Amino acid sequence: MGMGESLVEDHGSPRLALPPRPPTKLGLLKLLRATRENSVGTWVDAAFDMEISERRMLWRHVVIANAPDHVRHVMLDNADNYIRSALSRRLLEPGLGQGLLTTHGATWRRQRRTMAPAFAAKRIAAFAPAMVDAALRLVEDWALVPPTATIDVAEAMSGLTLAIISEAMFSVRVDPEIALIGQAVAAYQSAIRPSAADLLGFPEWFPRPAVARARKIFGESDRVIRRLIEERRRDGGPDDLLAMLLAAPEGDAPVSAKEVRDQVATIFTAGHETTANTLAWTFYLLSQHPAELVRLEDELDRVVGDRPVRAEDVADLPFTRMVIEESMRLYPPAHTMSRQALGPDRLGDIALKKGSNVLIVPWLLHRHRKLWDRPDEFRPERFMPEQVAARPRFAYIPFGAGPHICIGAAFAMTEAILCLATLAKRFRLTLVPGTNVEPVGQITLRPRNGLPMRVERR
Ligand code: HEM
């Protein structure tokens with residue numbers, strides 16, 4: 001397919017929100033500034049059909065692996081040679097401590113084994129009622145909103161997924177103390193940006209202020225988590241995520257309070273904003289594509305009708321699922337992943353040394369011109385089973401791949417489907433006219449100024 005052909009709008013497809021695209025490769029200083037500000041806005045047009053490239057940033061050698069085979073090599077086949085990059089660990093460790101997102105090697109393996117049962121597919125259905133109830137509470141709120149009022153749907157989705165993860169974790173519905181944990185996680189996410197020192201790979205001893213700031217942000221929230229852990233150890237309680245985190249696998253030493261605290265902060269961080277962004281982008285996309293919206297509504301009316309949505313419906317809502325999948329293709333919440341080589345390796349023509357960094361960028365891969373027909377258009381039917389089977393498996397990686405693949409993927413898909421179904425069954429959301437939607441890639445990919453929309457009862 002030729003350059004730019006994908007932008008032709010002969011199907012009446014609306015032009016969807018994109019970040020500004022620099023006309024030429026950015027010099028080092030501009031690149032640093034732009035990366036801190038909006039990392040998905042740093043890619044030039046040619047990045048969307050290259051397979052691999054490299055750049056040097058003073059102390060760092062950075063390779064961009066942008067073909068399914070290279071992604072597969074780094075994330076799966078030779079995964080033992082890679083750990084999460086020092087940069088991502090340095091961003092997350094001050095706040096999240098030693099949890100699944102920051103550990104590696106034997107510690108990570110033990111933690112992953114401890115947590116896996118909590119997220120096993122058969123457990124997910126148990127969380128479904130909490131997911132639907134939280135969405136129904138939002139339905140009640142929205143029922144009171146006048147049709148001319150503006151709602152920030154990004155913020156609303158954030159509140160929704162926070163309520164869900166809080167209930168899944170602690171079995172507590174609305175509680176000001178638990179809200180503190182959510183606020184801390186949200187404040188931490190917006191406070192962390194890679195510093196120039198991090199991006200350039202300054203040596204480890206170079207002073208960075210993040211730790212003190214993280215302590216301050218998490219201070220209150222940590223006290224709440226510690227108390228909840230103590231109470232639970234003393235009094236027991238329901239079979240929720242906290243219970244699963246506290247239960248070490250047979251033969252293992254008991255899990256320390258510090259480690260449980262770190263996993264709670266990790267799961268709140270990894271599991272809340274990501275799903276919220278998916279839902280927000282999905283409502284944005286549906287507002288721009290009336291035909292797909294009607295198809296979604298038809299499916300919901302036919303399968304669910306007037307009763308509340310339930311876990312068993314998920315398997316019967318293929319189009320709803322395809323809409324979410326296509327939304328995560330165009331706006332992948334985890335837009336960039338990074339790895340660091342433990343020893344030498346080779347990717348295509350590029351030689352990696354110990355310490356070389358590899359970027360895997362769903363933002364590029366999911367819009368790659370050699371992998372996708374009309375990559376910038378919203379077409380849920382791409383996720384029909386025949387079409388999925390015809391594509392390389394590693395062309396689409398919203399949840400990553402290999403041993404570090406998102407532990408919450410099944411949880412997140414169920415949550416997104418149940419919430420979208422519950423809300424779209426009752427309301428139509430329209431973008432406030434004149435809104436400029438711009439994707440910003442920081443820790444997750446979100447709309448820069450939120451998503452001001454109007455809700456209309458169906
Ligand atoms: C749409 C929503 C979500 C997206 C797009 C997403 C995406 C991802 C991605 C791409 C990774 C791999 C990162 C890497 O390889 O460096 C990851 C890891 C992880 N995710 Fe998710 N995630 C989502 C929801 C969730 C939820 C709901 C939870 C928990 C309740 C969760 C917990 C985690 C954890 C703990 C890891 C680290 C896994 C490991 O390294 O072993 N995520 N996620």
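## Loops, helices and a small sheet

S171 counts as partly exposed, at 35% relative accessibility. The model discussed here is predicted. S171 sits in the loop between α6 and α7 (176-191). Its phi is positive, about 60°, although S171 is not a glycine. Most residues other than glycine have a negative phi. R374 also has a positive phi, near 45°, and is likewise a residue other than glycine. R374 lies in the loop between α14 (362-365) and α15. With a relative accessible area of 15%, R374 is buried, because buried means under 20%.

Two more residues join these in the table.

| Residue | Relative accessible area | Class |
|---|---|---|
| S171 | 35% | partly exposed |
| D252 | 25% | partly exposed |
| R374 | 15% | buried |
| I164 | 2% | buried |

**The iron site**

Which protein atom is the donor to the iron atom of the ligand? The only one is SG of C406, at 2.3 Å. C406 belongs to the loop between α15 (385-389) and α16 (409-426).

**Helix α5**

Helix α5 covers residues 121-143, 23 residues in total. From first C-alpha to last it reaches 33 Å, close to the 33 Å expected at 1.5 Å a residue. Even so, α5 has a kink of about 40° at F127. The proline P129 follows shortly after that kink.

Many side chains of α5 deserve a look. Buried residues in this helix include R123, I124, F127, A128 and A130. Further along α5, M131, V132, A134, A135, L138, V139 and W142 are buried too. What do the buried residues of α5 pack against? Their helical partners are α6 (153-170), α10 (241-246) and α16. Their strand partners are β4 (151-152), β9 (427-431) and β12 (452-457).

**Helix α6 and its contacts**

I164 is found in helix α6. Beyond its neighbours within four places in sequence, I164 is in contact with A130, M131 and A134, and also with F411, E415 and C419. A130, M131 and A134 are among the buried residues of α5. The C-alpha of I164 is 29 Å from that of E250, with the two positions 86 residues apart along the chain.

M157 has its own set of contacts. Leaving aside neighbours within four places in sequence, M157 is in contact with L138 and W142. Its other contacts of this kind are A276, L279, A280, F283 and L423.

**The nonpolar core and α11**

The largest nonpolar core has 134 residues. Which residues have the most contacts inside this core? They are W142, M157, L160, Y284 and Y331. Helix α11 (residues 257-288) supplies the largest share of the core, 13 residues. In soluble globular proteins, nonpolar side chains tend to be buried together.

α11 has 32 residues and reaches 47 Å between its first and last C-alpha. The expected value at 1.5 Å a residue is 46 Å, close to that span. Why is α11 described as largely enclosed by the rest of the structure? Because 26 of its 32 residues are buried.

**The loop before α11**

D252 is placed in the loop between α10 and α11. At 25% relative accessibility, D252 counts as partly exposed. R110 and R113 are its contacts once neighbours within four places in sequence are left aside. R110 lies 142 residues from D252 along the chain, yet their C-alpha atoms are separated by 8.8 Å.

**The sheet**

Three strands make an open, antiparallel sheet in the order β4-β12-β9. The edge strands, β4 and β9, each pair on one side only. How many bridges join β9 to β12? Five bridges do, and the two strands run antiparallel. L429 has V455 as its bridge partner in β12. For L431, the bridge partner in β12 is M453.

The side chains of β9 alternate. F427, L429 and L431 point to one face and are buried. R428 and T430 point to the other face and are not buried. In a regular strand the side chains alternate between the two faces of the sheet.

Terms used:
Residues numbered from 1 in each chain as written. Predicted model: local features only at pLDDT ≥ 70, side-chain atom pairs only at ≥ 80, totals over all residues. Heavy atoms only, no water. Donors = N, O, S within 2.8 Å, 3.2 Å for Na, K, Ca; no water. Helix = DSSP H or I, 4+ residues; strand = E, 2+ residues; numbered from the N terminus. Expected span 1.5 Å × (residues − 1). Bend = angle between axes of the 7 residues up to and from the residue. Buried < 20%, exposed > 50% of the residue type's maximum accessible area, 1.4 Å probe, protein only. Contact = heavy atoms within 4.5 Å. Core = buried A, V, L, I, M, F, W, Y, C linked by side-chain atoms within 4.5 Å. Pairing = 2+ DSSP bridges.
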